[in-house]
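Colleague: Please give me a close look at the charged side chains here. Start with the pairs they form, then turn to the ones left over.

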Amino acid sequence: MYEHGSRLSGSLMTVFFRPNTLGRARLGIAATRKIGSAVVRNRAKRRVRDLFRRHRPAEPVDVVVIPRRELAEAPFERVEHEFCGILKRRQRGNRG
C-alpha cells in the first residue's frame, strides 16, 4: 500500500491513497500508541471514520489515514477542513 500509492500530509494527519478495483472507496486507520492511550486512539479513529462517511471519495480508492496526536483534541471543524483540503489536493494532482 505505502509503496504503490500517493501520500499527502497535513498538520493533523497523513493520508495514503491507492486505486482499487472494487468499485468503492475503503478506509483504513493506523492509530499507533504514539498518539496516546487507548481512549485517545479510539477518539481519533471515531473522528476519522466520521470524516470518511461525510466526505467519501467517489472513485474506487483505498484510503489509509495515520492520525497525529493533535487530531484527537483539535476542533472537529479544523479536522474536517484539513481532510477536505487533502482530498482536494489529491484531485488537483490527478488532473495534471
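Modeller: A salt bridge is a side-chain nitrogen of Lys or Arg within 4 Å of a carboxyl oxygen of Asp or Glu. Side chains of opposite charge can pair when their charged atoms come close. This is a predicted model, where local features need pLDDT of at least 70, side-chain atom pairs count only at pLDDT 80 or more, and totals for chains, interfaces and linings use all residues. Residues are numbered from 1 along each chain as its sequence is written, and side-chain values use heavy atoms, with hydrogens and water left out.

By this rule there are four salt bridges. Start with Asp50 and Arg54. Their side chains form a salt bridge, with N and O at 3.3 Å. Both residues sit in helix 1, four residues apart, about one turn of the helix. Helices here are DSSP runs (H or I, at least four residues), as are strands (E, at least two), and both are numbered from the N terminus. How accessible is Asp50? Its relative accessibility is 22%, so Asp50 counts as partly exposed. The cut-offs are simple: buried is under 20% relative accessible area, exposed is over 50%, and partly exposed is in between (1.4 Å probe, protein chains only).

Arg54 has another partner. Glu80 also forms a salt bridge with Arg54, and here the closest N and O atoms are 3.9 Å apart. Glu80 lies in helix 2 (residues 76-95) and Arg54 in helix 1, so this pair ties together parts that are 26 residues apart in sequence. Put the two bridges together and you get a network of salt bridges linking Asp50, Arg54 and Glu80.

Now move along to Arg90 and Glu59. Their side chains meet in a salt bridge at 2.4 Å, N to O. This pair links distant parts of the chain: Arg90 is in helix 2, while Glu59 is in the loop between helix 1 and strand 4 (61-67), 31 residues apart. The partners are covered to unlike degrees. Arg90 is buried, at 10% relative accessible area. Glu59 is partly exposed, at 29%.

Next, a charge without a bridge. Arg41 belongs to helix 1 (residues 38-54). Arg41 is buried, yet it has no salt bridge. Which side chain of opposite charge is nearest to Arg41? Glu73 is, and it is 13 Å away. For charge, Lys and Arg count as positive and Asp and Glu as negative, while His and the chain ends are not counted. What does Arg41 touch instead? Beyond its neighbours within four places in sequence, Arg41 is in contact (heavy atoms within 4.5 Å) with Ala31, Thr32, Arg33, Ile35 and Gly36.

Lys45 is also in helix 1. At 25% relative accessibility, Lys45 is partly exposed. Outside the four places on either side in sequence, Lys45 contacts Ile29 and Ala31. Ala31 is thus in contact with Arg41 and with Lys45.

Look at the surface now. Arg24, Arg43, Arg46, Arg49, Arg53 and Arg56 gather there in a patch of positive charge. Patches use residues with over 30% relative accessible area and no salt bridge; like charges are joined within 9 Å, nonpolar side chains (Val, Leu, Ile, Met, Phe, Trp, Tyr) within 5 Å. The place of a charge is taken as NZ of Lys, CZ of Arg, CG of Asp or CD of Glu. Areas come from the Shrake-Rupley method with a 1.4 Å probe, and for residues only the protein chains shown count as cover. One member of the patch, Arg24, is in the loop between strand 2 (13-19) and strand 3 (26-29).

Two more arginines finish the tour. Arg7 is in strand 1 (residues 6-9). Its relative accessibility is 58%, so Arg7 counts as exposed. Leaving out neighbours within four places in sequence, Arg7 touches Thr14, Val15 and Phe16. The C-alpha atoms of Arg7 and Arg78 are separated by 20 Å, with their positions 71 residues apart along the chain. Arg89 is in helix 2. Arg89 is partly exposed, at 34% relative accessible area. With the neighbours within four places again set aside, Arg89 is in contact with Leu8 and Ser9. From Arg89 to Phe52, C-alpha to C-alpha, the gap is 16 Å, and the two are 37 residues apart in sequence.
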